[in-house]
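Me: Could you take a close look at one part of this model, the place where the two chains meet, and describe it in a connected way? I would like the partners, the area and the pairings set out carefully.

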Amino acid sequence: MKKVKRILALMSALAMTCGMLAGCGDAGVESNGGSNTATVAETNAVVDTENMVVEQNFEGPSGNTPVVDGKIDTSKFVTVKMLMLGDPPAGGADKKVYEELNKILKERINAELDVTWIEWNNYDTKYQMELVSGTPYDLIFTTSTWLNLWGNAEKGAFMDMKEMLPYYAPNLWADTKKEEWAGCTYKGQIVALPEHRMWQLSTPVFVYRADWAKEFGIDKVDSMETLEQYCDAILANKPGVIPYNAPGSVNSNELYAMWLRQETDYVLGPGSIGMGCPTTNKSKDENWTCVSPVFDDKFVDFAKKMKEWGDKGYWPEDLLSATIDSEAMFLSGKSGIYSCNVSGYYPEIGKMAKEDPSAELDAFFFDEKRGFCFSDVMTQDSCSITATAENPERALMMYDLFQYDPEIYHLTQYGIEGVQYVVNADGYRERPESYNDETDSYYWDMWSTRNDALEIPEYNEYEDQIDAIKAKIKPWTTVNPWGSFVLNTTNVDAEVTAINEAASTWLPAIQFGKAGDPEEAVAQYREALTNAGIDTYMAEVERQMKEYLADQE
Amino acid sequence: MGRSLEEKKKRKKAWKKDRKFLLLCIPAIIFFLIFAYLPMPGIYVAFVRFDYGKGIFGSQFIGLQNLKFIFMSGKLGLLVRNTVLYNFAFIVSGMIVQVLIAVLFNELDSKIFRKYAQSFMILPNFISYVLVGLFGFAIFNSTNGVLNMVLGWFGSDPVKVYSEPALWPFILVFISIWKGAGYGSIVYFAALMGLDGEMLEAAQVDGASTIQRIRYIILPCLRPTVILLLLLSMGGILRGNFDLFYNMIGGSNVTLLDKTDILETFIFRAMVSNANFSTAAAVSFVQSVFGFILVLATNTIVKKVEPDYAIF
C-alpha cells in the first residue's frame, strides 16, 4: 500500500507541479520546492508559537471538551470521524484493530474512532466531493503535493488549530519546532499537522567503490577533484571499466546537480523547472529569489570541465543514444560510479555484497560540502480538521496519542501484537507464524503520525552501515524554507513548457560534454532559454514570492 | 403525389433488400461511434488551461495559447520541414520497395520458397522499435559497434555515427523500409493475385517479355492500390514516427537534432517533466487538422486526374 501511495504521490506530484523533481532513480537533482512548503523565513510574521498564552480555562470550538482549571473535561462521550485515503485492508482486519483501539480510547479519553476510507479509484474527485459536501470529519488526510491542501485552505475547508493545539495535543505541540509549524501555516492559521517525526532526507549521491579508491591511494571521494582522480585511476588501472557507465537521457542532470552543490551557492526550490532546473534560488539565505545558474560565468567552466571529462572517456562515447543499465554495470564491476539518491544507496549495499563480497562501497555526497539539504515539505502527508468538524478537540487528543503514545502507536501502525506482528528476542518486529495475508493484512494510512522514536524496526543485515550513513547526513537536515508558497504557473504556462524543452535539449548534452564546443553550446543553451522567455518566467516567480511574503504579514 | 409514392415504394424495397447488410454494419458503426465520435468533444482539452479539480469542460478557455511555446522556440520551421520530409521519404521509398517486392514475389515460380521468403520479410514488422534501437546501437556505436569493427578489418578509420548528423536521414529511411517493406507488400501482392490471368496469358502468347509484362500490365493494375494507400498515408504526414526517432537516437543527442528533430521528439522534450495534457492535445489536434486538410486536397487532385481512383 505504501508503494501504491508513493507511486500515486509521485505521479500527482509530477502532474500537478511543473517545477519539481522527484528525487529518485537516476535523477541527481532534487528540488524541495514546487508546490511545497515548510517554514517561512524569520522575517515573516508566522504563528508566534513561543509567546502563546495558555490559559487555565478554554472552551474550545465545539464546547464538548472544555478545559476547566487546567484540566480537560472529557465527561461527554464522543465519536471522532476520520477520513483516510486508500483501499481498506481486504481481509477486514482493520475492523478488529479499531475495536481494540476503541477500547483503549474509551478508557483514556472517553471517545471512539470511526474510520472512513476513500479508495484509490478516482480518489481525487471523491475527496473533493467529501470536502464540498461538508461532511464533518474531525481528522482528514490531506497533502499539499497531491491533494491541494493550500487551495482547499484558501476556500476555508479546514479549521484553524492554532489555539487548540497546546491544550489538546501537548506532546505534538512541544515536539514541533516553530519553523515546522510555519510549514503548516496558511495566512496565519495552522490548518494542517506536520509530517515531521518520520525523518527522511533525499540527497543525491555518487556511490563509488571504496575498495578501488583504496587501491588507487585515494582516501575519500568527496569533491570534484577527488572524483577526477578516482576516474583517472580507473581509466589507467581497470581496463574494460568505464568510470561512469551510464546512459544519458533527457532527464540526465546528475553532473549538473553535483556542480550546483559543489561549486555554487544556488539551491533548488520553488521556481526550479523540470529536471534540467535552469532556474534556482540564489542561495540558502537569499531563498526568496529566482535566478539562473546557466547564465553564471562558472557554468561555462563547468561545461568545459565536463567536455574534458567526456573526452577522457569518463562515460560511454555514445551515451546520449545508448540504453545502459547503470546499476547492473556498477554491480558487475564494469562501472565505478552509481548515481542515485541516498535512499537508493541503502539497498545497493546488500546487492553489492551479494554480487561481490570483497567490494566496499562509499558515496560522494554532493551536499556534504555545503553541509545542508532541505527536507521534504511538512505537508507531504498531512492531517487536517474540517471546518465543519464536531469534535476537533477530542480529535487532536486522539491524534496526539496516535503519534506519541507507544501502545496506541504500535497498535495503529502495525496492528495487534500476536496477530499482525510479534517482537522477536532481538527486539526486531516480524510476522507471526499464524499470519495470513488474506485475513490479517493491516495498514494505517494516516501517514503523518509516523514517529521514528516509537518504531520497532524490522531486521536488516546491513543496519549498521545504513545507520552510519543516516548519522552522517542527518545533521544536514534543514527545514524547507518556503512555507506554504506554491507557484501558480497560469501566466507563464507557455514559458514553462518552452524552458523545459530548452533544458532537456541542452543540459544532458552539455553536462556530458557532447554538445560540441562547450562555449558555443552554452551560448546556444542560453539563447534557447532566452527565446523560451526565461526572463519573463523568473520575474513572474519573484513577483509571486513578493506577493506571498506580503500576504503572510 | 404519385411520384413520391413510387419513390417511397422504391425506398421500401431497397430497405427490404439491404437490411441484412445494414445489420452487418451495425457493429462497425457502434464501434466507431463509441471509440471515435463519442470521445471527440474531449478535443476541447486542447483549448483550455486544464485544471484537475474542474475537469475538461470546467477549465478556463484559453484558445490557442497552448501552442504558443512552439513559436517561442523558433524551431517550428525546422520541425515541420524535418517531419514532412522524413514522412515523404518514408512513404515514397516504402512504396517503391513494397511494389518491387510484390512484383518479384509474383514472378516466383516456387510456391514454397515464396511462402518462406514472405514470412521472413514480414518478421521485422513485429520487432518493437525499442529492440530495433538496441540493434542499431549494437551496430553503430563507436566503442564496440559491429560497423566500426568491420570498417576496422578494411583498415578504415572508425565512424562516430552518433555524432554525424548527415548519416541519419539514410539510416532512418533504411530502417523504416527494412521494418515495413515485407508487411506493406502484402497489400500489393493481394492486388496482383486478383489480376486477370487471361490478360497475362494473352500477353505471353503475343510474345511480351517479362519486363514488358510488368511494365504494361502488372504496374498499371497496381495503380489504384498505390493511389489509395498514398491517400491514406497523406493524413499522417505531419505526424512523426516517434518510436523510430526516439529509440534510434535517444532523447537529447543535440549534435544530431538539426537533421533528426521532428515535432514528436520536440514535444517529448518539452513535456517529459511537465505533464501538460492540454499542450500535448493541442499539438496533436493541429496535426490532425493538417492531415485532414491534406487528405481532402490530395483526394480532390486525384478526382480531377483519375476520377475512378478517388476515395470519395
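Reply: What follows describes the interface from the side of chain B, then a helix that takes part in it, and lastly the salt bridges.

The model is a predicted one, and in it 35 residues of chain B are in contact with 35 residues of chain A. The area buried between chain B and chain A comes to about 2800 Å², with carbon and sulfur atoms giving 55% of that area. Within chain B, the residues that lose the most area to chain A are B:Arg49, B:Met72 and B:Ser273, which together account for 21% of what that side buries.

Turning to polar pairings, the rule finds 10 residue pairs in polar contact across the interface of chain B and chain A, with both residues at pLDDT 80 or more. Several elements of chain B give two or more residues to the side that touches chain A, namely helix 3 (68–73), helix 6 (129–140), helix 11 (242–249), helix 12 (254–260) and helix 13 (263–271). Helix 13 of chain B gives the most, with five residues. Sorted by class, the side of chain B that touches chain A has 16 nonpolar, 14 polar and five charged residues.

Helix 13 of chain B also packs against helix 14 (residues 277–305) of chain B, at an angle of about 170 degrees and with the axes 11 Å apart. Because angles over 145 degrees count as roughly antiparallel, helix 13 of chain B is roughly antiparallel to helix 14 of chain B. In this packing, B:Leu263, B:Glu264, B:Ile267 and B:Met271 of helix 13 meet B:Thr279, B:Ala280, B:Val283 and B:Gln287 of helix 14. By class, that contact has five nonpolar, two polar and one charged residues.

As for charged pairs, the rule finds five salt bridges across the interface of chain B and chain A, while the structure holds 37 over all chains. A:Glu317 forms a salt bridge with B:Lys160, whose closest N and O atoms are 3.5 Å apart. In chain A, the side chains of A:Arg450 and A:Glu195 meet in a salt bridge at 2.6 Å, N to O. A:Arg450 lies in the loop between helix 16 (437–440) and helix 17 (463–473) of chain A, and A:Glu195 in the loop between strand 7 (189–190) and strand 8 (204–209) of chain A, so this pair ties together parts that are 255 residues apart in sequence.

Notes
Residues numbered from 1 in each chain as written. Chains lettered and ligands numbered in written order. Predicted model: local features only at pLDDT ≥ 70, side-chain atom pairs only at ≥ 80, totals over all residues. Heavy atoms only, no water. Contact = heavy atoms within 4.5 Å. Buried area = accessible area lost by both parts, 1.4 Å probe. Salt bridge = Lys/Arg side-chain N within 4 Å of Asp/Glu carboxyl O. Polar contact = N/O pair within 3.5 Å; in protein donor to acceptor, adjacent residues only side chain to side chain. Helix = DSSP H or I, 4+ residues; strand = E, 2+ residues; numbered from the N terminus. Nonpolar A, V, L, I, M, F, W, Y, C, P; charged D, E, K, R; others polar. Axes fitted to C-alpha atoms, helices over the stretch in contact; angles between N-to-C directions. Parallel < 35°, antiparallel > 145°, perpendicular 65-115°, else oblique.
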